[in-house]
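Here are my notes on the model you sent, set out as numbered points. Please read them with the structure open.

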Amino acid sequence: MSFPKRLTDKIAIITGSGRGLGAATALRMAEEGAHIVVNDIAEDAAKQVAGQIEKLGRRALVSTHDVSNTAQANALVDEAKKTFGTIDILVNNAGITRDSMLHKLTEEKWDEVIRVNLKGPFNMGQACAKVMMEKKYGKIVNLASIAWLGNIGQTNYSASKAGVVGLTRTWALELSRYQINVNAIAPGLIDTQMTQAIPAEVKEKFINKIPMRRIGKPEDIAAIVCFLASDEANYVTGQCIQIDGGLTTGGAGG
Ligand SMILES: NC(=O)c1ccc[n+]([C@@H]2O[C@H](COP(=O)([O-])OP(=O)(O)OC[C@H]3O[C@@H](n4cnc5c(N)ncnc54)[C@H](O)[C@@H]3O)[C@@H](O)[C@H]2O)c1
């Protein structure tokens with residue numbers, strides 16, 4: 001399959017891109033001409049994706065910074081600037097789940113998910129926005145989830161993703177004057193390692209509720225992230241696009 005070249009020589013940081021949706025997005029962006037900072041706390045995975053990007057003829061920088069740590073997120077952005085000179089695109093993709101019913105949810109699981117899924121995007125967004133404001137250009141895409149609408153067993157995760165939608169809308173308002181677009185996507189059930197842990201019978205029930213009757217592919221997500229990161233989406237900001245095979249069209253789907 002050949003892709004449009006909408007991101008030629010753009011510099012993109014994609015957090016958590018050693019596997020799953022981040023890796024698919026990194027590869028699709030490289031196909032579209034971008035050079036990529038492959039960030040993931042899993043070093044081997046990040047190196048592997050970086051190798052694939054280089055095979056496509058693009059540059060790749062491996063970063064193992066933990067985006068939930070403010071000092072490390074700042075160091076990642078500094079390193080990206082030093083290597084590539086600038087940053088055009090940020091995809092806040094790194095995310096985790098620590099599911100539990102409310103009455104069993106520990107403080108540790110709450111803190112962990114909020115730190116990675118909400119503080120991580122804040123850390124990265126703040127550091128990258130400073131670079132983008134100076135050059136009056138930038139695209140930020142934040143990974144929310146349909147769980148932002150609420151989902152049983154996901155108090156911490158749904159709160160973090162609702163927070164991501166909130167900061168997306170606020171950044172869109174604050175950063176539009178600098179020609180920086182900020183959008184979120186809310187994937188439904190997508191086939192990655194994160195969702196492979198879901199028991200088969202639960203997945204089956206879920207699929208039966210999806211109007212398109214299938215689980216999503218990482219490529220379904222990568223395509224929309226690339227669109228939002230491209231100049232084709234210059235007049236789109238502050239939005240959250242549900243990519244869920246129609247699941248939430250009739251409500252939260254839960
Ligand atoms: N898969 C789905 O069905 C689905 C649905 C909705 C939303 N999402 C969201 O999409 C994003 C990607 O999901 P995925 O399914 O590809 O997950 P995944 O678990 O397959 O990959 C996430 C990657 O992020 C990395 N990571 C975790 N914490 C990190 C940190 N602190 N700093 C840097 N990297 C870190 C992990 O090492 C991993 O490689 C997440 O934000 C997730 O919440 C996924």
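1. I began at one end of the sheet. Ile-185 has Ile-241 as its bridge partner in β7. Strands β6 and β7 run parallel and are joined by four bridges. Bear in mind throughout that this is a predicted model.

2. On its other side, β6 meets β5 (residues 138–143), again in parallel, through six bridges. Within this pairing, Val-141 is matched with Asn-183 of β6. The connection between the two strands deserves a look as well: β5, helix α5 (residues 155–175) and β6 form a β-α-β unit that is right-handed.

3. Is strand β6 (residues 180–187) mostly covered or mostly open? It is mostly covered, with eight of its eight residues buried. The burial holds for both faces of β6. Ile-180, Val-182, Ala-184 and Ala-186 lie on one side, while Asn-181, Asn-183, Ile-185 and Pro-187 lie on the other. Two residues already named for their bridges, Asn-183 and Ile-185, thus belong to the face that also holds Asn-181 and Pro-187.

4. Taken as a whole, the sheet is open and has seven strands, paired in parallel in the order β3-β2-β1-β4-β5-β6-β7. The edge positions go to β3 (60–63) and β7 (240–243); each has a single partner strand, so one side of each lacks a neighbour in the sheet. On average, neighbouring strands are turned by 15° against each other, direction ignored.

5. At the β3 edge, the partner is β2 (residues 35–39), which runs parallel to β3 and is joined to it by four bridges. Ile-36 is placed opposite Ala-60 of β3. Helix α3 (residues 70–84) packs on the sheet here and touches β1 (11–14), β2 and β3. The direction of α3 makes about 160° with that of β3.

6. Now the ligand. Which residues come nearest to it? Of the 30 residues around the ligand, they are Gly-16, Gly-20, Gly-95, Thr-192 and Met-194. Three helices, α1 (20–31), α4 (107–135) and α6 (193–196), each contribute at least two residues to this shell. Two of the nearest residues fall within those ranges: Gly-20 in α1 and Met-194 in α6.

7. The make-up of the shell is mixed: 13 of its residues are nonpolar, 14 are polar and three are charged. When you go through the ligand site, I suggest taking the nearest residues, among them Thr-192 and Gly-95, as the starting point.

Conventions
Residues are numbered from 1 along each chain as its sequence is written. This is a predicted model: local features need pLDDT of at least 70, side-chain atom pairs count only at pLDDT 80 or more; totals for chains, interfaces and linings use all residues. A residue is near a molecule or strand if its C-beta atom, placed from the backbone, lies within 6 Å of it. Ala, Val, Leu, Ile, Met, Phe, Trp, Tyr, Cys and Pro count as nonpolar, Asp, Glu, Lys and Arg as charged, and the others, Gly among them, as polar. Two strands pair if DSSP finds at least two bridges between them. Axes are lines fitted to C-alpha atoms, for helices over the stretch in contact, and angles run from 0 to 180 degrees between N-to-C directions. Two residues are in contact if their C-beta atoms, placed from the backbone, lie within 7 Å. A residue is buried if 20 or more other C-beta atoms lie within 10 Å of its own, exposed if 12 or fewer, and partly exposed in between; C-beta atoms are placed from the backbone. A crossover is right-handed if, with the strands pointing away from the viewer, the path from the first strand over the helix to the second runs clockwise.
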